[in-house]
Amino acid sequence: MTVSELPITAEARHDFADLASRPVLKRKRPGQLIAMVVVGLFAVMGAYVIVTNPGFGWPIVAKYLLDIRILNGLLTTIELTVIAMVLGLVIGLVIAVMRMSDNALLRGVAGAYIWFFRGTPLMVQMLFWGFAAVLFPTIGIGIPGGPMLVEWNTNDVLPLFVAGILGLGLNEGAYMAEIVRAGLMGVPAGQSEASHAMGFSRMETLRHVVIPQAMKIILPPVGNETISMLKTTSLVIVIGVGDLLYNAQQIYARNLQQIPLLIVASLWYILLTTILSLVQARIEKRYSRGNTIQARKA
Amino acid sequence: MSEVQFLNVHKDFSGMEVLKGINFTVKSGQVACLIGPSGSGKSTLLRCVNHLETTSSGTILVGGRMIGYEVHGDRLIEAHQKDINKRRSRIGMVFQSFNLFGHMTALENVMMGPVKLLKVPNAQAEAEARELLAKVGLADRTGHYPAQLSGGQQQRVAIARALSMKPDLMLFDEPTSALDPELVGEVLDVMKALARDGMTMIVVTHEMGFAREVADVVAFMDGGVIVEAGDPNEIISRPQHERTKAFLSKVL
């Protein structure tokens with residue numbers, strides 16, 4: 001007799017006491033078992049293909065994984081990621097604060113910046129920076145229309161690596177500005193008001209009250225942006241910066257082992273994104289200070 | 001000296017006149033309660049005192065000095081932000097929604113003003129903050145974050161934070177309106193103690209019992225004007241104006 005068939009009558013009241021003493025079991029869910037079998041089969045098929053297809057060239061992967069050219073490229077990729085992200089964050093913060101300013105001119109400039117850098121493809125911006133010397137053969141400080149006081153050859157002060165940084169960082173700044181702005185707006189207005197009422201200036205309020213609390217809103221998307229940036233840096237190949245992918249290409253251009261070398265690059269990218277994900281989780285935990293969830297644990 | 005004088009204060013919000021010529025004085029050491037229906041302009045008036053709201057015309061003097069504006073030829077212009085900040089630092093404010101800084105413990109909230117604005121050394125600021133928190137009955141909650149405190153506790157920390165700047169004047173904007181009924185008393189008790197110590201206070205409130213017991217002067221506002229003002233017992237027990245009577249009959 002199942003539970004629902006139990007006679008619920010005054011005479012059967014003693015049965016309820018009996019029910020209350022029975023252990024509770026989990027209902028079986030056969031669908032989950034079927035899904036496991038299907039997924040398992042696909043995994044085995046995938047693994048079989050990867051191991052048995054000689055095209056993957058695993059011995060070649062192993063040979064080049066720690067090749068000095070690959071490692072140099074890897075270092076360049078990491079440098080590009082870090083510097084471009086720092087540049088993007090600084091620009092993003094400045095543009096976001098400008099965008100929320102009382103001053104219409106500052107708001108306009110910030111809006112135009114975002115409009116331009118979000119409105120054109122990153123690859124095109126990258127090429128522009130790469131070809132900057134064509135547009136401005138020399139750069140310097142001087143009087144518009146008059147003599148130049150100092151002057152440099154553009155190609156000297158703007159090596160390709162710097163052009164790559166500018167391309168990535170200025171573009172990132174536009175996206176970061178919107179992330180930062182969302183974070184700043186996510187802090188309740190009462191927080192700034194309380195700070196102003198105490199006598200703190202707008203800048204002090206931003207620094208001591210708003211930004212620390214905006215961080216926990218900003219950090220998850222910044223983590224995403226960093227992970228995304230790590231892979232986006234590979235676009236510098238269009239201006240010939242020797243990053244991970246570029247150096248892998250250089251190698252397979254000679255030995256024609258395209259797939260194994262792309263796997264080498266991919267392995268490094270995925271290792272770095274995995275590390276970044278772990279770092280992101282740790283930083284987020286640190287900035288969740290004062291959160292209700294953490295509060296309950298304390 | 002912390003006398004507050006409202007001289008013909010007007011304020012409009014994009015064409016809507018919310019303050020229509022307020023004339024009112026709170027003497028140094030007095031407690032003034034502003035009562036009235038929501039939308040009557042009492043919170044706006046309070047927020048004009050520390051220039052969180054601008055005024056359209058008229059003047060507010062705190063301690064005999066104009067606040068938020070300065071004389072410029074034959075007109076007034078908004079004061080320099082630095083001067084406004086300086087004046088604000090001497091005026092404590094307590095909000096309906098507490099507005100404690102969520103990323104700081106109770107102690108850090110109370111220490112922040114003295115440390116960052118008054119450049120008080122950390123150790124001294126901490127000792128003073130602990131003393132203030134003890135004064136509002138929260139000596140055992142110094143390390144708690146706002147989210148870990150009840151509404152009444154948060155509001156008492158907020159009062160301690162305002163007091164940390166050693167203000168001459170305290171503004172309270174419906175300090176108990178967001179609290180559960182059983183927590184109202186603990187906040188009002190702290191405010192009563194403050195009044196006994198001689199703090200000049202302007203309190204926007206719906207607590208008629210508090211107004212009657214603690215206030216030296218009560219002003220009833222409606223539609224952007226002070227309908228009547230005076231002795232709390234007179235105003236609350238024997239209101240003269242129909243609008244005051246109608247309002248009190250609903251809240252008492």
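The following exchange concerns a nonpolar surface patch and the cysteines of a predicted model.

Reader: Which residues make the nonpolar surface patch?

Author: The patch, of about 770 Å², is made by A:Ile50, A:Val51, A:Trp58, A:Leu267, A:Ile270, A:Leu271, A:Ile275, A:Val279 and A:Ile283. Two elements of chain A, helix H2 (30–52) and helix H13 (258–286), give two or more residues to the patch. H13(A) provides the largest share, 6 residues.

Reader: Where does A:Trp58 lie, and why is A:Trp58 called partly exposed?

Author: A:Trp58 belongs to helix H3 (residues 58–65) of chain A. Its relative accessible area is 35%. Buried requires under 20% and exposed over 50%; A:Trp58, at 35%, therefore counts as partly exposed. Patch residues need over 30% relative accessible area, and the 35% of A:Trp58 satisfies that condition.

Reader: How many disulfides are there over all chains?

Author: The count is 0. For B:Cys33, the nearest cysteine sulfur is that of B:Cys48, 19 Å away. A disulfide needs two cysteine sulfur atoms within 2.5 Å, so at 19 Å B:Cys33 is in no disulfide. The same reasoning holds for B:Cys48, whose nearest cysteine sulfur is that of B:Cys33 at 19 Å; B:Cys48 is therefore in no disulfide.

Reader: What makes B:Cys33 buried?

Author: The relative accessibility of B:Cys33 is 0%. Because buried means under 20%, B:Cys33 falls within that class.

Reader: Why is B:Cys48 counted as buried?

Author: B:Cys48 has a relative accessibility of 2%. This value is under 20%, so B:Cys48 counts as buried.

Terms used
Residues are numbered from 1 along each chain as its sequence is written. Chains are lettered from A and ligands numbered from 1 in the order in which they are written. This is a predicted model: local features need pLDDT of at least 70, side-chain atom pairs count only at pLDDT 80 or more; totals for chains, interfaces and linings use all residues. Side-chain values use heavy atoms; hydrogens and water are left out. Patches are made of residues with over 30% relative accessible area and no salt bridge: like charges are joined within 9 Å, nonpolar side chains (Val, Leu, Ile, Met, Phe, Trp, Tyr) within 5 Å. Accessible areas come from the Shrake-Rupley method with a 1.4 Å probe; for residues, only the protein chains shown count as cover. A salt bridge is a side-chain nitrogen of Lys or Arg within 4 Å of a carboxyl oxygen of Asp or Glu. Helices (H or I, at least four residues) and strands (E, at least two) are DSSP runs, numbered from the N terminus. Buried means under 20% relative accessible area, exposed over 50%, partly exposed in between (1.4 Å probe, protein chains only).
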